[in-house]
Amino acid sequence: MPSINVNGVEIEQDEDGFIVDPNLWNEDVAKALAAQEGISELTDEHWKVVNYLRNYYLQFQIAPMIRKLCKETGFSLKKIYELFPSGPAKGACKVAGLPKPTGCV
Amino acid sequence: MSAAVPQKVFDDYRVLPDEVLKPGQPRVEKFLQAMRKSLQQKENWTFWLPYILSLDTCMKCGTCAEVCPVYQATGRREIYHPVFRADMLRKIYKRYFTLPGRLFPWLVGAEDLTEEKLDALAESVYRCTICRRCSYVCPVAIDNGVIVREARKILDEIGIAPGELKEKGTRLQLKVGNATGMPTAAFLDMVEFLEDEIEETRGYRIKIPVDKEGAEYLLMHNAGDYLAFAETVMGAAEVMHAAGVDWTLNSPNTGINDAVNYGVFYSDVEFSAVIKAHVETARKLGIKKLVVGECGHAFEALKYLILRLIPPEERPFEVISILELEDRWLREGRLKVDPQKNPEPVTFHDSCKLGRLGGMFEEPRRILKACCPDFREMTPNREMSLCCGGGSGFAIMEKGGFLKFRMETYGRLKAEQLKATGAKVVACACSNCKAQFREIINYHKLPMRYAGVSELLANALVR
């Protein structure tokens, strides 16, 4: 299993790079995961997406609908792809410390 | 930091990680036991006869290869020839389960199975989407799709199946009601959001019924549609509302609220467990008709495979595709549309499961022609439609560089076909196709978008 070291803490990842225990997520972990995604700096726009995903997940134990993510952040899907080149599910959810979305998404 | 790159076992991709494939561990004996079982009629209720006939009969004419998207797109690489793949299993069959092969293996093309050959076989059966274009043209009716599925079944019996389809697919669905892991509270939040969205885009509010017992129609979507293709769910809701019928969606509280059944792709055991749970859910709700949303393999499962497993008296409801309903209601004049609302040129992609397998060619075309003034066919289409490359679970598999395989084989041919139409919208009625089109449009930079058939129909509705 791969893992990522953040501030001396070894955090386990699944084969797709998603952290295995979402409780170990914090802002530094997000930055480290973003770096793995090729995102050098998390801007306010990135954080807007990440925080929305994070809060939705904590409330509902699943990622939000992509349409709702766009609506609530005010970003188009194109913009989200610009921010997270792997897209909302594989990119943004990963940085936000959510488990990898499953099923036909 | 990152995972070690798994060793190559077949080609440049590794869709089954080491934890699943377990290369180096002894698996041949178990494989042969499971294969023996698959060859016994009593143990194999799905497609035993076509399976045995397909193993016995191939005359190596190569007609299948001429229509195989993977073989053609890779510049006719031998390892992607449909017969090469089927022969990987056929050689084992002949060597261990036929008399001439046991006695004179060199005469009949029989070969010993080794652990390395098992690795290669396991990866190879996940290079074919079971689109069954080859089966359609075979002069002696060999079904390579059945062979691939049987091989996947045998592999699953010995613990080799993609996690996307099993642990995070059928197993998760049976546990929580859907393969997305969506709990009821989240589902209800999504439905409310969709009601808001419909109101905002159309200017009127509709109530989307949930868990209504005894409803005439239970509309069950691929649950992934809520998350990724919400426009299809919204469109279908608007259509049901406009038709004025007694209908409902269902939440995970009622059992299974996801039409998918990934067992179709790799396991009869998983298939049976999921479809029984579907039937139980529909019976508990006491609905009259189960409407399958825009999902190809779910239609195969609930419309056709179900007939071979569940006796009629145990499924007291009709199964119908959303496309059949939409087509019927349009022709009856129950739905009124203004095609000028969809001015862009639109083409239609025949999903393998709805089209070549299910025969549903005209329904989506009648719908689209009614609500899109510039409808353009792709060539080829209908029975000879090219698989998009998302079928048999591929749309949600991307480990080991697999997205590239999907994009450079099936995806490349499809992209060329799409471009030639000049259409701005590719309509389709299957979640796997939509997920694959999302990637194709992005990867091959096509100036178009994809849309569900229900979405385009809803957009053309007049009140």
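**Entry 1: B:E150**

I looked up the contacts of B:E150 in this predicted model. Setting aside neighbours within four places in sequence, I find B:E150 in contact with B:S38, B:N44, B:T46 and B:Y51. B:E150 sits in helix α11 of chain B, which covers residues 144–157.

Is B:E150 buried or exposed? Its relative accessible area is 1%. The cut-off for buried is under 20%, so I log B:E150 as buried.

Next I checked polar partners. The side chain of B:E150 has a polar contact of 3.0 Å with the side chain of B:N44. A polar contact of 3.1 Å joins the side chains of B:E150 and B:K153. B:N44 also appears in my list of contacts for B:E150.

**Entry 2: B:R76**

I moved to a loop residue. B:R76 lies between α5 (69–73) and α6 (82–97) of chain B. Its relative accessibility is 42%. Partly exposed runs between the 20% and 50% cut-offs, so B:R76 gets that label.

Which residues does B:R76 touch, beyond neighbours within four places in sequence? I find B:E66 and B:Y71. I also noted the spacing of B:R76 and B:E66: 10 residues apart in sequence, with 9.0 Å from C-alpha to C-alpha.

**Entry 3: a nonpolar surface patch**

I then looked at the surface of chain B. B:L99, B:L103, B:F104, B:W106 and B:L107 make up a nonpolar patch there, with about 610 Å² of accessible area together. Two elements of chain B, α7 (99–103) and α8 (105–108), give two or more residues to this patch.

I picked B:L99 for a closer check. B:L99 belongs to helix α7 of chain B. I record B:L99 as exposed, because its relative accessibility is 52% and the cut-off is over 50%.

**Entry 4: aromatic pairs**

How many aromatic pairs are there over all chains? The count is 16. I took B:F394 and B:Y410 as one of them: edge-to-face, 6.5 Å centre to centre, with 85° between the planes.

Where do the two residues lie? B:F394 is in the loop between β6 (375–376) and α22 (402–408) of chain B, and B:Y410 is in helix α23 (residues 410–421) of chain B. The pair therefore ties together parts that are 16 residues apart in sequence. I checked burial for both. B:F394 is buried at 0% relative accessible area, and B:Y410 is buried at 3%.

I went on to B:F402 and B:F405. Why does this pair count as stacked? The ring centres are 5.3 Å apart and the planes are at 10°, and stacked needs planes under 30 degrees apart. Both residues are in helix α22 of chain B, 3 residues apart, about one turn of the helix. B:F402 has a relative accessible area of 0% and is buried. B:F405 is buried too, at 1%.

Then I followed the ring pairs outward. They link B:F10, B:Y13, B:Y80, B:F394, B:F402, B:F405 and B:Y410 into a cluster.

**Entry 5: helix α1 of chain A**

Last, I turned to chain A. Helix α1 of chain A spans residues 27–36, and A:V29, A:A30, A:A32, A:L33 and A:A34 are buried in it. I asked what covers these buried residues. The cover includes β1 (3–6), β2 (9–12), α2 (44–60) and α5 (87–95) of chain A.

I checked both ends of the helix. At the start of α1(A), a side-chain oxygen of A:N26 comes to within 2.9 Å of the backbone nitrogen of A:D28. After α1(A) comes A:G38, with a positive phi near 80°.

Terms used. Residues are numbered from 1 along each chain as its sequence is written. Chains are lettered from A and ligands numbered from 1 in the order in which they are written. This is a predicted model: local features need pLDDT of at least 70, side-chain atom pairs count only at pLDDT 80 or more; totals for chains, interfaces and linings use all residues. Side-chain values use heavy atoms; hydrogens and water are left out. Helices (H or I, at least four residues) and strands (E, at least two) are DSSP runs, numbered from the N terminus. Buried means under 20% relative accessible area, exposed over 50%, partly exposed in between (1.4 Å probe, protein chains only). A polar contact is a pair of N or O atoms within 3.5 Å; within protein, one must be able to donate a hydrogen and the other to accept it, and residues adjacent in sequence count only if both atoms are side-chain atoms. Contact means heavy atoms within 4.5 Å. Patches are made of residues with over 30% relative accessible area and no salt bridge: like charges are joined within 9 Å, nonpolar side chains (Val, Leu, Ile, Met, Phe, Trp, Tyr) within 5 Å. Accessible areas come from the Shrake-Rupley method with a 1.4 Å probe; for residues, only the protein chains shown count as cover. A salt bridge is a side-chain nitrogen of Lys or Arg within 4 Å of a carboxyl oxygen of Asp or Glu. Rings of Phe, Tyr and Trp (its six-membered ring) pair if their centres lie within 6.5 Å; planes under 30 degrees apart count as stacked, over 60 as edge-to-face and the rest as tilted.
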